[in-house]
Amino acid sequence: MLSRFFFFFLIGLFPDVYIFFRHVWKKCQWRTQVLYTVFSLLCFVLLVLMFGVYSSSESVATLYETSMVMNALIAVFVAKLFFSIVDVWTLVFKSRILRRVAIGVAAFGFFTYAYGIMLGRFNMSAKYLTVENKSLPQNFDGYKILHISDFHLGSLYGDEEIVSKWVDMMNAENPDVICFTGDMVSILADEMASHMDALKRLKAKDGKFAIIGNHDYGDYHKWSSMEARDANLSKTEENIRQAGFDLLLNENRTICRNGDTISVVGIENWGRPPFPQNSDLKKAETGIASSTRILLSHDPDFWEYKLEDNTDYFLTLSGHTHAMQLGIEIGDWEISPSSLKYPYWHGLYERNGIQIVVSRGIGCTAIPFRIGMSPEYVVITVKK
């Protein structure tokens, strides 16, 4: 997270330097130059301070409040960045019209980002998919799976009523089983506290299963000791169980219907470095009862790198990518920067007769915003 922060820090620094030397230096009075410089430096200092608080605080309220302050500062940086990118073209084409366009683009960037903070991250959508497989037992034909992922409940602090409404929407789908694929929290186990009643109300005929994701380990935090980190992880796992989920830590469970069975296998997180690699599929398969299997893996990279020649799992459910919380979706067509990092970043994919469904999740990491890639839950109907 630290390296990612400094990457975005440098992106934020570029437009300030550009605007200063292009539009402030030698074109404005010294007072304006000083004011612009002081304001820019204060923004950067405040952002660094807020990041320091966010990475070390053990208060859910403080985490949320600092993330919102960082959000406001980033909104200003986005406007400056958009302006600078377009304004560079005025150096090439010497056009006054382009300068006006640059101002308009900056305003568009600011208000679009503001929309993502205030509205976009609450615009819940439902995605409906059908997965067909010849090996599916007859009594599971038409079986309905509710797939949810990446709650990141710290990003929904104070939004208990909204989360409760989302739970009502999910329950109205009348699923046969619920599968949650990790990142219940962003850092702290206490992020779940105010949402426990809503989580307990999530219902499915054959129960609800969960795994943990990379954020649930609490690694993106400055703990006073490893014991404190481990205690937080244990509390997160216990809270997930208290919310009514059967937590699968490299384990499997069997679902029976009129003599037919399928197995749900849940592994701990595995991702390309620097993400944790704690999965143990061999252990998870211990005592497995069915040859028809569904795998819960937080990171879709496991499906790509570890199941390449393994056709035992006709369906894998994943999350993690969030579709980068940014993109464009028009009907069935969509595009997101997430595709540059993850070949399997959102939706349904098939390879060698097996399939994976990647959810873009519900909550947000660190910076609570979504533009285009709204939160979602996925209803999957499996057919023979």
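Where is the place of Val88 in this protein? Val88 sits in helix α3; helices here are DSSP runs of H or I with at least four residues, strands are E runs of at least two, and both are numbered from the N terminus. Before going on, note that this is a predicted model: local features need pLDDT of at least 70, side-chain atom pairs count only at pLDDT 80 or more, and totals for chains, interfaces and linings use all residues. Residues are numbered from 1 along each chain as its sequence is written, and side-chain values use heavy atoms, with hydrogens and water left out.

**Overall picture**

The protein has nine helices and 14 strands. Its C-alpha atoms fill a box of roughly 85 × 45 × 35 Å along the principal axes. The radius of gyration is 23 Å, which agrees with the value near 21 Å for a compact globule of 384 residues; it is taken over C-alpha atoms, and the globule rule is 2.2 Å times the number of residues to the power 0.38. Of those 384 residues, 54% count as buried.

**Surface patches**

Patch residues have over 30% relative accessible area and no salt bridge; like charges are joined within 9 Å, and nonpolar side chains (Val, Leu, Ile, Met, Phe, Trp, Tyr) within 5 Å. A salt bridge is a side-chain nitrogen of Lys or Arg within 4 Å of a carboxyl oxygen of Asp or Glu. The areas come from Shrake-Rupley with a 1.4 Å probe, and for residues only the protein chains shown count as cover.

Phe14, Val88, Trp89, Leu91, Val92 and Phe93 make a nonpolar patch of about 580 Å². Helix α3 (residues 60–93) gives the largest share of it, five residues. There's a patch of positive charge too, where Lys27, Arg96, Arg99 and Arg100 gather on the surface. Arg96 belongs to helix α4 (residues 96–118).

**Backbone oddities**

Pro273 and Pro274 are joined by a cis peptide bond, with omega about 15°. Pro274 is in the loop between β7 (260–266) and α8 (281–284). Two asparagines have a positive phi, as the table shows.

| Residue | Phi | Loop | Relative accessible area |
|---|---|---|---|
| Asn250 | near 55° | between β5 (246–247) and β6 (251–257) | 5% |
| Asn258 | near 50° | between β6 and β7 | 74% |

Buried or exposed: which is Asn250? Asn250 is buried because its 5% relative accessible area falls under the 20% cut-off, while exposed means over 50% and partly exposed lies in between. Asn258, at 74%, counts as exposed.

Methods. Lys, Arg positive; Asp, Glu negative; His and termini not counted. Charge placed at Lys NZ, Arg CZ, Asp CG, Glu CD. Buried < 20%, exposed > 50% of the residue type's maximum accessible area, 1.4 Å probe, protein only.
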